[in-house]
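Student: I am new to this structure, and I would like to learn how to read a few of its features.

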Amino acid sequence: MTNASQRIVSLSPKEKRGLLTELLRKKQDDAQSTYPLSFNQQGMWFLYQLAPESTVYNVTFSARIRSLLDSDALRRAFQSLIDRHPSLRTTFALVAGVPAQRVHEYLPLDFIETDVSTWTDDELSARLADDAHRRFDLEQGPVLRVRLFARSKYDHVLLMVVHHIVIDFWSLAIVLDEFSALYPSHLTGVPAILPKPSAQYRSYVRWQAEMLNGPQGEALWKYWSKQLEGPLPELNLPIDRPRPPLQTYRGAAHEFNLDADLSRHLKSLAKNHGVTLYMVLLAAFQMTLACLTGQEDLLIASPVAGRSRAEFENIVGLFTNPVVLRADLSGNPSFHSLLDRVRKSVIGALEHQDYPSLLLVQRLRLTRDLSRPPLAQVMFVLDKPHRLNSNGPSAFAQGPTGLQMKSGGLQLESFPLERRAAALDLVMLVIETTTSLSISIRYNTDLFDYATITRIGRHFETVLRSVISQIELTLNELKNILAAEDLKQLNAIREERRIANLQKLKDIRRRPVITAREDHPAFLTRTESHHTS
C-alpha cells in the first residue's frame with residue numbers, strides 16, 4: 001500500500017467525503033471550458049463594451065536583449081506559457097446576455113519578428129508604441145501578443161502585450177519566472193521542471209462567488225459600507241480644461257527619479273516609526289492632494305494583490321483589486337499623526353481586500369457621473385521588486401530606462417514605452433528599484449497640461465523632503481511651504497521671460513531698417529539702425 005493510500009485509509013468518514021467532493025470539483029473544473037467572469041473582469045468587460053477602441057488596459061513588458069538570442073526557442077517558450085496557463089488562451093463573449101469566458105484547448109501564439117537593423121531609434125520607438133497601444137479583440141482573441149525586433153546579432157527588443165482582463169503584475173512575474181526556465185529548455189532540449197499550478201482561474205471565480213454570497217462577504221460589505229458612509233467627496237483637482245461629458249482615456253506620463261539619499265531617508269523614517277515605506281509615501285501623497293485641493297476628505301484608490309488564499313499564488317489571471325482608501329486630514333494634522341491614521345486605514349483595507357470594487361460601486365448605489373471614474377479619481381501605487389536585490393518585471397514594464405535583469409540566461413535592459421492612455425484622472429506610481437525610487441505620474445491629457453503635472457510632482461517631492469527632517473510639520477505649514485515654492489517658481493518664470501524679451505528687443509534693434517530713397521520712393525535702400533545698447 002502506498003503512502004497516499006495509507007493516508008486516505010486513515011481519514012475519518014467526514015474527511016473522506018470532503019476529499020471526494022474536492023476531487024470531483026477539480027475533475028469538473030478540468031472538463032469545463034466556459035465559465036463566468038470575476039467581478040473585476042466584469043468591470044473591464046463593461047469598459048471594453050463602452051470604449052472598444054481604448055487601450056488603457058493593455059499591460060506591456062518591453063526589454064532590450066543584449067545577448068545572443070535564438071528567436072525560435074523564444075517563440076516556443078512563449079507558446080509553452082500559453083499552453084500551460086488557461087487564462088492566456090481565453091476569449092470573451094456574451095452567452096444568453098451574460099458575459100462569459102471560454103478557455104480554448106489550444107491557441108497559437110501571435111508572434112512577429114521584424115528586422116529593424118536599418119531603422120533609427122525614433123522609428124523603432126514609434127513602432128513599439130503603436131504595437132503596445134493596438135487594441136485587443138476580446139471576442140476573437142488572442143489576448144497576448146509578442147513582437148521581436150532584431151537590431152543586430154546581439155541586440156534585440158522584445159515586446160509582450162497582454163490584456164489586463166487575463167493578467168495582473170503578480171501574474172506577469174509568474175510568466176517571466178517560468179520563461180526563464182522554458183527558454184533554456186527549448187534552447188537545449190532539456191525539459192524544464194516547473195510545478196503544476198495548484199488551481200485554475202475558474203477556481204478563483206467560483207470561490208469569489210461563494211464567498212461573497214456567504215457570511216464573509218456580508219462582513220466585508222459591512223466594513224466597506226461603514227468606511228464609505230455619508231456624502232462621498234469629488235476631488236477638486238487643478239484641472240486645466242472642463243471635463244468632457246464622457247470620461248476619456250487619453251493619457252501621458254511625467255517621470256522623474258528621487259535621489260538615493262532621499263530614498264534611503266524615507267525608508268529609515270518608515271522603519272523608525274513602525275510603518276512601511278508604502279504608508280509614508282501614501283501619507284505624503286494625501287498631504288500633497290490636500291494642499292492642492294483644499295479638501296480634508298479624500299478618496300484614493302490603491303491596488304492590492306487579491307490573493308488571500310495560498311492556492312491562488314501561482315495562477316495567472318486578474319486578481320488585483322483596487323481598494324478605496326478614505327483619507328481624513330481634518331484638524332490640521334501633523335505628518336506624524338497622519339501616519340498613524342494611514343497605518344490604521346491601510347491595515348483595515350488589507351484585512352478586507354477581497355471585496356470587489358465593482359460590487360462596492362453597485363451596492364453603494366451611487367449616482368453615476370459619466371464624466372468621472374466611479375468612487376476614486378486618483379490612484380496611488382508602490383511597485384516593489386519581485387525579489388530581494390533584483391528589479392522586478394513590473395518595474396521593467398513601468399519604470400525608468402536602464403534597469404537590468406537576467407532571464408533564462410538572457411541579459412535584459414528596460415526599454416520604456418511612450419504612454420498614451422490613462423484609466424483615471426491621475427495615478428501616482430512609485431517604483432522601488434534596487435538603488436532608489438522612480439516616480440511616474442500618469443494623467444489624463446484631456447484634463448491636465450504637462451506643466452500642471454510637473455507642478456504636482458514637484459509638490460510631492462517637496463513634501464517628502466520636508467517631512468524626513470521635520471515629521472511634526474502640519475498640513476497648514478506644508479501648504480505655506482508649497483505656496484512659497486510656487487511663488488519662487490513663478491518669479492523664476494517671470495525672470496526668464498523678462499530676460500528673453502530683453503534679448504528679443506536687442507535683436508530687433510540690430511536688424512537692418514528699410515527706407516525709401518527720396519528721389520524714387522519705390523526704390524528701397526538698406527541702412528543700419530543705430531545701436532542704443
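The dialogue below turns to ring pairs and then to a helix.

Tutor: This is a predicted model, in which local features need pLDDT of at least 70, side-chain atom pairs count only at pLDDT 80 or more, and totals for chains, interfaces and linings use all residues. Residues are numbered from 1 along each chain as its sequence is written, and side-chain values use heavy atoms, with hydrogens and water left out.

Student: How many aromatic pairs does a search of the whole structure find?

Tutor: A pair of aromatic rings is described by the distance of the centres and the angle of the planes. Rings of Phe, Tyr and Trp (its six-membered ring) pair if their centres lie within 6.5 Å, and planes under 30 degrees apart count as stacked, over 60 as edge-to-face and the rest as tilted. The search finds 15 such pairs. In one of them, Y204 and F312 meet edge-to-face, with 5.4 Å from centre to centre and 85° between the planes. This pair links distant parts of the chain, since Y204 belongs to helix α7 (residues 201–212) and F312, 108 residues apart from Y204, to the loop between β9 (297–304) and β10 (321–328); helices (H or I, at least four residues) and strands (E, at least two) are DSSP runs, numbered from the N terminus.

Student: Are Y204 and F312 buried or exposed?

Tutor: Buried means under 20% relative accessible area, exposed over 50%, and partly exposed in between (1.4 Å probe, protein chains only). Both Y204 and F312 are buried.

Student: Which residues of α3 are buried?

Tutor: In α3 they are F39, N40, Q41, G43, M44, W45 and Y48.
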